[in-house]
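Reader: Hello! I am new to this structure and would love a close look at a single part of it. Could you pick one enclosed space and then lead me on from there to whatever else is worth seeing?

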Amino acid sequence: MLRELVERNRSYRRFDESRKIGEDLLRELVDLARMAPSRANLQPLKYILSFKPETNDLIFPHLAWAGYLKDWPGPGKGERPAAYIVILRDTVISTAELCDHGIAAQTILLGAAERGLGGVMMDNIDRDLLLKALKVPSHLKILLVLALGKPVEDVRMDPVGADGDMKYWRDEEGVHHVPKRSLEEIIVK
């Protein structure tokens, strides 16, 4: 059921790094995104698939992992993603900032969740350094990085507290809590 898939699709930041993800699965996930809608049907997105440790090691240091968790520098060795998908916009095809990358990223993450995997969309990226590290041609612009793997953390949705604080947090047992607004609060009557 779609609802169960959406509920399983949390933002995971810690993974079982020993559970490898191969190129074939990454290609299947990008193929799902390829079939998703695209503004004016321009299809300006391109993808870098990273599943080899040496390429993953080039990507990892250019990502900021959890802005609200100030004392956490990101996953340590053994809990890092097994793969990444870098979503790029081909500026020869389109110079406009569109919503295509959000649609593609969510489609990929839902496909990953369906296969028992998890991931996180990352927008806090040192784009210039990552472009150089990956030797990306200058006509391609990094939009998002998806970190993927077999999650090893428990991510739970909680109602927003009385103080209205939207910051996610981890409890003393490492459970990651994510406040979510109620349906009543987000529907305008």
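**A cavity and its surroundings**

Author: Let's start inside: the largest cavity has a volume of about 40 Å³, a volume being the space filled by probe spheres set on grid points joined across faces, edges and corners. The model is predicted, with pLDDT of at least 70 needed for local features and 80 or more for side-chain atom pairs, while totals for chains, interfaces and linings use all residues. Residues are numbered from 1 along each chain as its sequence is written, and side-chain values use heavy atoms, leaving out hydrogens and water.

A search of the whole structure finds 1 cavity of 30 Å³ or more. A cavity here is a set of points, on a 1 Å grid over the protein atoms alone, where a 1.4 Å probe fits but cannot get out; lining residues have an atom within 4 Å of a point. Follow the lining along the chain and you meet Pro44, Leu45 and Arg89, then Ala96, Glu97, Leu98, Asp100 and His101, and finally Leu143. Sorted by class, that lining holds 5 nonpolar, 1 polar and 3 charged residues.

Leu45 from this lining leads us to a sheet, as strand β1 covers residues 45-50. Leu143 is in the lining too, and strand β4 runs over residues 140-149. Strands are DSSP runs of E with at least two residues, numbered from the N terminus, and two of them pair if DSSP finds at least two bridges between them. The open sheet has 4 strands in the order β1-β2-β4-β3, with antiparallel pairing. Because β1 and β3 (118-122) stand at the edges with a single partner strand each, one side of each has no neighbour in the sheet. Strands β3 and β4 are joined in the antiparallel sense over 5 bridges, and Val120 stands opposite Ala147 in β4.

There is another open sheet, with 3 strands in the order β5-β7-β6 and mixed pairing. Its edge strands, β5 (155-159) and β6 (169-170), each pair on one side only. β6 meets β7 (residues 176-180) in the antiparallel sense over 2 bridges, with Trp169 opposite His177 in β7.

Finally, look at two rings. Arg13 lies over the face of Tyr168, 4.7 Å from the ring centre, and the charged end of Arg80 sits over the ring of Phe60 at 3.7 Å from its centre. For an arginine to count, its CZ must be within 6 Å of the ring centre and within 35 degrees of the ring normal.

Conventions:
1 Å grid on protein atoms, 1.4 Å probe; cavity = no way out; pocket = protein on both sides within 12 Å on 5 of 7 lines; lining within 4 Å. Nonpolar A, V, L, I, M, F, W, Y, C, P; charged D, E, K, R; others polar.
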